Structure formats: structure tokens, C-alpha cells
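This report describes the metal sites, the ligand contacts, the salt bridges and a strand pair of the structure shown below. It is written to be read beside the coordinates.

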Amino acid sequence: MKEFINEVISAIELHEIKAYYQPQYDANNGRLVSAEALVRWEKADGTIISPMQFVPRLEKTNAITLLDWFMAEEACRTIHELGEKAVPIAVNFSKWHIKERDFARKLQSLLFTYDVKPGLFEVEITESAMSEESFSVIKEWAYNLADIGVKIAIDDFGEGFTSLRFVKDLPVDFLKIDKSFLANNCQDERGRGTLETVFFFANKLNLSTIAEGVETNEQLKFLQNMDCDRIQGYLFCRPMKKEDFLVLAMIDQVPTVESDNYLQRQGTFSSHSLLLRAIKDEYQLVIYGNLYKNSYYVMHADDSLEFDAPTAGIIDDMTAASIERCTTEQEKKHYDELLSRTSLIRAFCRGENRVEAKLEQKINGSVEKLSTVIHLMKHPYRDDILMIGMSRRI
Ligand code: C2E
Ligand code: CA
Ligand code: CA
């Protein structure tokens with residue numbers, strides 16, 4: 001092992017170890033917006049050795065940190081050379097750096113040496129590296145980085161799904177979606193469902209997304225539809241030598257992805273939020289529920305309605321409370337027959353996918369007449385019956 005490490009160190013000294021750069025593009029307009037630095041070993045005889053052949057071995061010891069710092073310095077030099085044309089560059093850091101004392105301070109002084117704005121430097125760390133450490137250690141490490149102004153990207157995200165909690169409570173800027181999710185050209189329904197969930201999650205937490213390993217137009221279209229922010233992959237560019245990358249970044253960028261009209265450019269989530277806004281304007285209360293699981297959550301409740309049910313809970317409890325709020329015995333019976341969980345399940349089994357009711361409710365002292373529409377549908381993968389209920393004052 002020692003011999004191997006010495007071989008790598010002398011390769012660095014002999015300038016055989018090189019930083020290649022793979023451009024990342026804005027998913028909407030196809031402009032080059034950033035890049036990832038990827039190591040290559042160019043042997044004296046001209047053969048190029050891929051990182052897969054030496055990085056995993058080097059990663060067994062903390063000797064990998066030498067290589068990563070070398071790459072970080074190379075990236076800083078490149079950003080510096082690009083001057084006004086600089087784009088952010090992401091550098092891969094192995095799990096050992098989480099244990100490295102003064103990691104953030106060391107990075108800060110490197111940025112200072114090359115006069116690089118911290119916002120132009122991105123630290124890529126894999127999801128699995130993070131999940132090996134205790135949360136308090138990761139948290140301190142990440143906040144120290146955020147304090148010096150560099151960006152953090154979680155690499156290979158989604159491989160383990162262990163990091164949902166990590167991500168929620170950390171100052172992370174980007175999720176890099178693992179390329180295995182793009183398998184089968186995004187044609188597989190289950191794979192697509194998983195991807196949609198990951199993007200939904202990122203969108204909820206206001207994180208930017210990067211998809212790597214994009215090779216086909218079908219994948220690109222799907223990712224655009226998901227509101228993915230950046231795209232990296234052979235469809236656009238392979239990792240390239242620094243000289244080629246400098247030329248590419250220096251020339252004025254021409255959009256390469258056609259963007260038609262505004263609405264078409266809206267991905268799933270931004271058009272969803274437009275749609276949701278229109279629904280919220282019309283309905284004071286929107287509730288999502290799973291009738292089989294007997295659970296619901298309130299997607300939207302207008303303040304003016306003073307709806308006092310918990311924001312998430314058991315449908316039967318919510319129904320019981322609503323029945324309590326009905327003004328007459330007849331209304332109570334009516335409510336139970338139309339809108340209780342069992343009545344809704346029965347309606348769905350009869351082939352109805354829409355139930356409507358107009359009912360009076362005592363809400364916060366005053367009597368309100370509410371019109372409620374409930375849409376029923378089967379869960380896309382399971383046998384559950386889902387509902388969206390929308391109520392408005394009349
Ligand atoms: P990674 O960080 O997940 O990097 C992305 C890998 O996907 C790169 O492989 C890249 O060349 C490849 N790739 C990009 N676009 C496509 C595509 O469209 N299709 C396919 N099939 N692959 C694509 P590469 O350069 O061989 O690097 C492999 C891994 O080695 C990296 O995976 C990273 O984990 C590690 N690595 C590379 N450079 C460094 C480094 O400086 N430090 C550390 N610690 N690890 C590094
Ligand atoms: Ca990476
Ligand atoms: Ca990756």
C-alpha cells in the first residue's frame with residue numbers, strides 16, 4: 001500500500017495526475033454554468049488511467065486527501081485563470097476530509113491564495129461518506145463550510161436514502177442525483193416514480209438539483225420536466241482537458257437547448273405550484289388523504305376559515321369533529337352518508353371518482369355554508385384509495 005501511495009505522490013510531482021473538467025449545463029437554456037473537476041492519471045506512455053482504477057484504492061487510507069487537495073488547488077487555479085468568465089467548479093472530497101481538522105479554514109486560505117470567490121467553489125461529498133459519520137460531526141463540518149461561503153453538493157444522492165434527515169438539517173446547496181436513477185432511459189415507471197420523489201423532496205427543501213450521467217434526449221426532456229437545474233453528461237460533454245475547458249468557458253455561450261414558450265419551460269413543480277395557487281384562490285380548504293391508511297394532511301387552509309383541525313391526522317377523527325360541527329341532526333346524517341371514510345370508499349367501489357356536498361358547519365361561532373368536492377383515485381402503485389378534498393364558502 002505504501003508503495004502505491006508513493007507512486008501516486010510521485011505521479012503528482014511529475015504532473016501525470018491531471019484535473020479534467022466536465023461542464024454542467026443549465027437544464028432550461030443549455031448554457032454552461034459550472035463544471036466538475038475529475039482526476040485523470042496520464043502516464044508517460046500516453047495511457048490515461050481512469051479514477052475508478054486508483055481512487056477507490058487510495059480512499060482506503062487518508063492518502064486520498066493529498067489527491068483531493070491537489071485537485072482543489074487545480075480547480076482554484078482554473079477559476080483564477082478564467083477571471084471574469086469564471087464558472088463555479090465542484091471538487092470531489094472523500095470522507096476523510098470530514099475528520100480533517102481545520103478543513104474549512106484550510107480551504108479558505110486556498111481560495112484566498114488564488115483570489116477565488118468562495119461562491120465559485122463547490123465541495124462535493126457523497127451521501128455514503130456523510131452517513132458514516134455522526135450527525136453532530138457532519139453538522140459542524142458543513143456549517144463551517146457554509147460560514148466561509150463555499151457551496152456544498154451531496155454526490156450520488158438517492159443511492160441510500162439515509163440522508164433525508166441529514167439534508168433537511170444541513171446547509172446543503174445541491175443534490176446531485178445519482179446516475180443509476182436515469183437507467184432504462186427513464187422509461188421505467190417505478191424508476192420514474194422514485195426520481196419524481198427525489199425532485200419533489202429537493203423542491204420542497206429549496207435545494208438545487210444536478211443530474212449526472214445524462215446521455216439521451218429522453219432523459220434530458222424528463223429532467224427538464226422535473227425542474228432539474230443543472231445537467232451533466234455525455235449528451236453534452238465528456239470530461240475534458242483543462243485547455244479545452246478554458247476555451248469552452250471563454251467563448252460566449254449560445255443556448256443549446258431549445259426553449260419554447262414560458263409555460264412549456266415551466267417544469268412539473270413550477271406548473272404544479274401555479275396550479276395549486278389557482279386552487280387555493282378558489283378553495284379555502286384543501287385536504288389530501290389516504291382512505292385505506294385513514295390518514296390526511298391539510299395542504300391548504302385559508303386563515304379566514306379558522307379551521308381548527310390538526311394539520312395532519314386520522315380521517316375518522318376529522319370526520320367525527322366535522323359531524324359535531326354540523327348544525328342539525330339531518331345535516332349530521334347527510335355528512336356521514338356522503339363524506340365519511342367508509343362512504344367515500346363505497347362510492348369509489350361503485351365507480352364514482354367525484355363526490356360533492358353542500359353542508360352547513362359551525363366554524364368558530366358563526367355558521368358557514370361550505371361546498372365540498374372530493375376527488376377519489378387509486379394510488380399509482382398500491383391498492384390504496386387517495387382523495388383530494390376541496391371546500392369553499394358559498
Ligand atoms: P463521480 O463523482 O460520481 O463522477 C461522475 C462520474 O460519471 C465521472 O466518472 C464521469 O466521467 C462520469 N460521467 C459523466 N457523464 C457521464 C455519462 O453521461 N454517462 C456515464 N456513464 N458516466 C458519466 P470518472 O471521471 O471516471 O470518476 C469516477 C469517480 O471517481 C467519481 O465519480 C468520483 O467518485 C471519483 N473521483 C474522480 N475524481 C476524484 C477526485 O478528485 N477526488 C475523489 N475523492 N474522487 C474522485
Ligand atoms: Ca462527483
Ligand atoms: Ca456522482
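A residue is termed buried when its relative accessible area is under 20%, exposed when that area is over 50%, and partly exposed in between. The model discussed here is predicted.

**Strand 13 and its hairpin**

Strand 13 comprises residues 354-363, and its side chains alternate between two faces. V355, A357, L359, Q361 and I363 point to one face and are buried. R354, E356, K358, E360 and K362 point to the other face and are not buried. In a regular strand, side chains are expected to alternate between the two faces of the sheet.

The partner of strand 13 is strand 14 (residues 366-378), and the two pair in the antiparallel sense over ten bridges. Within this pairing, V355 has I374 of strand 14 as its bridge partner. The hairpin of strand 13 and strand 14 has two residues between the strands, and N364 takes a positive phi near 50 degrees there.

How far is N364 from A35 in sequence and in space? The two residues are 329 residues apart in sequence, and their C-alpha atoms are 56 Å apart. A35 belongs to strand 2 (residues 32-42) and is buried, with a relative accessibility of 0%.

**The two calcium ions**

The calcium ion (ligand 2) is coordinated by E36 (OE), N92 (OD1), E124 (OE) and D155 (OD), at 2.2 to 2.3 Å. The sequence spacing of these donor residues is E-x55-N-x31-E-x30-D. Since N92 lies in strand 4 (residues 89-92) and D155 in strand 6 (residues 151-157), the pair ties together parts that are 63 residues apart in sequence. N92 is partly exposed, at a relative accessible area of 25%, whereas D155 is buried, at 6%.

The calcium ion (ligand 3) is coordinated by D155 (OD), D156 (OD) and two OE donors of E212, at 2.1 to 2.8 Å. Here the donor residues are spaced D-D-x55-E in sequence. Both D155 and D156 are buried.

Which residue bridges the calcium ion (ligand 2) and the calcium ion (ligand 3)? D155 does so, and the ions lie 4.0 Å apart.

**Ligand 1**

There are 22 residues around ligand 1, of which Q22, R40, D68, E215 and Y234 come nearest. For E215, an N or O atom of the side chain is 2.5 Å from a nitrogen atom of ligand 1. For K179, a polar side-chain atom lies 3.0 Å from an oxygen atom of ligand 1. N92, a donor to the calcium ion (ligand 2), also has a side-chain N or O atom 3.2 Å from an oxygen atom of ligand 1. Taken alone, ligand 1 exposes 790 Å², and the protein buries 86% of that area.

**Salt bridges**

A search of the whole structure finds 23 salt bridges. Three of the pairs are listed here with the separation of their closest N and O atoms.

| Basic residue | Acidic residue | Closest N and O atoms |
|---|---|---|
| R77 | E74 | 2.6 Å |
| R105 | D102 | 3.7 Å |
| K332 | E329 | 3.9 Å |

R77 and E74 both lie in helix 3 (residues 64-82), three residues apart, about one turn of the helix. R77 is partly exposed, with a relative accessible area of 29%, while E74 is buried, at 14%.

In the second pair, R105 is partly exposed, with a relative accessible area of 49%. D102 is likewise partly exposed, at 41%.

Why are K332 and E329 separated by about one helical turn? They are so placed because they are three residues apart in helix 15 (residues 329-339). E329 is exposed, with a relative accessible area of 61%.

Beyond these pairs, E36, E124, K176 and E212 are linked in a network of salt bridges. The network also involves donors of the metal sites: E36 and E124 coordinate the calcium ion (ligand 2), and E212 coordinates the calcium ion (ligand 3).

How values were computed
Residues numbered from 1 in each chain as written. Chains lettered and ligands numbered in written order. Predicted model: local features only at pLDDT ≥ 70, side-chain atom pairs only at ≥ 80, totals over all residues. Heavy atoms only, no water. Salt bridge = Lys/Arg side-chain N within 4 Å of Asp/Glu carboxyl O. Helix = DSSP H or I, 4+ residues; strand = E, 2+ residues; numbered from the N terminus. Buried < 20%, exposed > 50% of the residue type's maximum accessible area, 1.4 Å probe, protein only. Donors = N, O, S within 2.8 Å, 3.2 Å for Na, K, Ca; no water. Near = heavy atom within 4 Å. Polar contact = N/O pair within 3.5 Å; in protein donor to acceptor, adjacent residues only side chain to side chain. Areas by Shrake-Rupley, 256 points an atom, 1.4 Å probe, with all protein chains shown as cover. Pairing = 2+ DSSP bridges.
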